[in-house]
Amino acid sequence: MATCNECRQFFQMDENPDKGDCVRRVVDPRQAYYKAKPVDAEREAGDCPDFQKKS
Ligand code: SF4
């Protein structure tokens, strides 16, 4: 199963590689913006609809 650290939208913390931020670009009809939230690197990504595998 994939984890967040395999996702293109995961940005690892320098101080703690087990943690990072999930930063997603959200586009709605009026604007585009970024949404960030802290996640664990090993978080299960299988249930995440926004998972994008790193190329
Ligand atoms: S929560 Fe989803 S979109 Fe965010 S880093 Fe994890 S898999 Fe990617």
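**Exercise 1.** Determine how the residues of the shell around the ligand divide into nonpolar, polar and charged.

*Solution.* Begin with the members of the shell in this predicted model: the residues around the ligand, meaning those whose C-beta atom, placed from the backbone, lies within 6 Å of it, are C4, C7, Q9, F10, C22, R24, V39, R43, A45, C48, D50 and F51. Next, apply the classes, in which Ala, Val, Leu, Ile, Met, Phe, Trp, Tyr, Cys and Pro count as nonpolar, Asp, Glu, Lys and Arg as charged, and the others, Gly among them, as polar. The shell then divides into 8 nonpolar, 1 polar and 3 charged residues.

Residues are numbered from 1 along each chain as its sequence is written. Local features need pLDDT of at least 70 and side-chain atom pairs count only at pLDDT 80 or more, while totals for chains, interfaces and linings use all residues.

**Exercise 2.** Locate R8 relative to β1, and find which residues R8 is in contact with, leaving aside its neighbours within four places in sequence.

*Solution.* First, R8 lies in the segment before β1 (10-12), where a strand is a DSSP run of E with at least two residues, numbered from the N terminus. Second, with contact taken as C-beta atoms, placed from the backbone, within 7 Å, R8 is in contact with Q52 and K54. Third, R8 and Q52 are 44 residues apart in sequence, yet their C-alpha atoms are 5.7 Å apart in space.

**Exercise 3.** Decide whether R8 is buried, partly exposed or exposed.

*Solution.* A residue is buried if 20 or more other C-beta atoms, placed from the backbone, lie within 10 Å of its own, exposed if 12 or fewer, and partly exposed in between. Because R8 has 13 other C-beta atoms within 10 Å, R8 is partly exposed.

Key:
Two residues are in contact if their C-beta atoms, placed from the backbone, lie within 7 Å.
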